[in-house]
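Hi,

Here is the structure I said I would pass on. Have a look at it first, and my notes follow underneath.

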Amino acid sequence: MTRLSQDIADRFAALTLSHLGRQYPYKMDLTYQGPEDARIPADHHPIFHGSYDWHSCVHGWWQVMRLRRLYPDMAQADAIRARADMMLVPDKVAGERAFLTRPTAGGFERPYGWAWLLALHAELARQDGPWAAAIEPLALDFAARFHAFLPKMTYPLRVGTHFNSSFALIHAYDWAKERDPALQALIRERALGWFGQDRACQAWEPGGDEFLSSALTEALLMSRLLSRDEFADWFGAFLPDLLTGQPATLFTPATVSDRSDGKIAHLDGLNLSRAWCWRGIAAALGADAPIAPIAEQAAIAHLDAALPHIAGDYMGEHWLASFALLALE
């Protein structure tokens with residue numbers, strides 16, 4: 001199975017650096033309050049105005065900063081640091097925070113972008129630079145939004161797109177473990193309430209534009225919340241027929257018919273995120289679990305289907321390397 005290496009890290013970082021500052025095309029998430037809002041994206045988002053959209057720019061930063069830490073001697077390391085020193089600074093963070101105060105920005109990037117910003121902050125906190133301190137006020141803004149929103153979220157979203165609850169809570173939970181025990185407890189309470197009694201998942205997926213597996217992201221989240229034995233019991237009831245290869249869709253990489261179509265190109269991301277989930281689930285169950293080798297083979301199949309297509313068309317190129325890093329690391 002392909003594993004992360006310095007050569008792959010350099011290629012991913014070079015690709016992502018090429019679009020972190022690329023301002024166009026850009027898809028704004030903006031409700032106009034008046035003609036004064038008709039400004040370029042960089043005026044609204046001093047940091048995250050590249051990579052086609054806000055959340056892709058956020059996790060593009062997560063990706064290059066993580067690669068820099070993992071491979072400090074990589075060819076792109078100096079370029080990454082120089083760009084971080086220029087962009088991840090308090091005055092630009094203040095501009096990002098100002099956008100959140102808009103009356104119509106309550107649902108901005110909820111919950112996908114919220115979670116990726118927390119993941120970025122957690123990564124920066126592991127590094128030898130001033131960037132985590134600069135970003136921290138913005139991270140706390142989004143943590144506060146999780147605190148306010150989760151108690152009134154009666155039902156989870158089980159879709160395979162940006163609105164998926166499980167994917168966001170994986171990253172938020174990992175951030176909260178060392179920083180916000182109350183948020184950690186809230187995530188645990190909500191997730192167990194939503195998913196704790198799920199049984200015999202049919203895994204009717206993928207949808208035509210999905211980049212997440214609703215079934216597998218839910219399972220990966222539960223693996224974070226439960227002990228190994230508890231998770232093994234839950235997972236065995238949630239997907240009871242995996243040892244017989246069912247549901248077959250979870251083992252079958254998605255077909256991508258047109259990588260120039262931004263929505264259809266999401267399916268390359270599905271293959272990468274499934275690989276990430278399968279590997280995480282296998283690790284949570286332990287190498288001796290009967291499902292472990294099956295999960296590993298499923299991960300390999302999904303990686304083989306997606307890795308050749310990380311670059312080539314901007315509709316996938318602006319974001320897929322981040323999901324490849326999740327799967328390979």
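Let me start with a helix pair: H8 and H9 cross with a left-handed sense. Bear in mind throughout that this is a predicted model.

As for the geometry of that pair, the axes of H8 and helix H9 (residues 181-195) come within 9 Å and cross at roughly 150 degrees. Angles over 145 degrees count as roughly antiparallel, and H8 and H9 are therefore roughly antiparallel to each other. If you want to pull up the contact, select Ser165, Ser166, Leu169, Ala172, Tyr173, Trp175 and Ala176 on the H8 side. On the H9 side, the residues are Pro181, Leu183, Gln184, Ile187, Trp194 and Phe195. Sorted by class, this contact of H8 with H9 has 10 nonpolar and 3 polar residues, with no charged ones.

One residue from that list is worth a click: Ser165, which sits in helix H8. Is Ser165 buried or exposed? Ser165 has a relative accessible area of 4%, and the cut-off for buried is under 20%, so Ser165 counts as buried. Leaving aside residues up to four places away in sequence, Ser165 touches Met153, Pro156, Leu157 and Trp194. Trp194 is also among the H9 residues in the contact with H8.

Next, the loop. Lys152 is found between helix H7 (131-149) and helix H8 (165-176). Lys152 has 62% relative accessibility, so this residue counts as exposed, the cut-off being over 50%. I also checked Lys152 against Phe238: the two are 86 residues apart in sequence, and their C-alpha atoms are 26 Å apart in space.

Then there is a second helix pair, H3 and H15. Helix H3 (residues 54-70) and helix H15 (residues 320-328) have axes that come within 9 Å and cross at roughly 50 degrees. That angle makes H3 oblique to H15. The crossing of H3 and H15 is left-handed. H3 brings His59, Gly60, Trp62, Gln63, Arg66 and Leu67 to the contact, while H15 brings Ala321, Ser322, Phe323, Leu325 and Leu326. By class, the contact of H3 with H15 splits into 6 nonpolar, 4 polar and 1 charged.

To put the two pairs side by side: H8 and H9 are roughly antiparallel, whereas H3 is oblique to H15. No charged residue takes part in the contact of H8 with H9, while the contact of H3 with H15 has 1.

Cheers

Note on methods. Residues are numbered from 1 along each chain as its sequence is written. This is a predicted model: local features need pLDDT of at least 70, side-chain atom pairs count only at pLDDT 80 or more; totals for chains, interfaces and linings use all residues. Side-chain values use heavy atoms; hydrogens and water are left out. Axes are lines fitted to C-alpha atoms, for helices over the stretch in contact, and angles run from 0 to 180 degrees between N-to-C directions. Helices (H or I, at least four residues) and strands (E, at least two) are DSSP runs, numbered from the N terminus. Angles under 35 degrees count as roughly parallel, over 145 as roughly antiparallel, 65 to 115 as roughly perpendicular and the rest as oblique. A crossing is left-handed if the near helix is turned anticlockwise from the far one by less than a right angle, and right-handed if clockwise. Contact means heavy atoms within 4.5 Å. Ala, Val, Leu, Ile, Met, Phe, Trp, Tyr, Cys and Pro count as nonpolar, Asp, Glu, Lys and Arg as charged, and the others, Gly among them, as polar. Buried means under 20% relative accessible area, exposed over 50%, partly exposed in between (1.4 Å probe, protein chains only).
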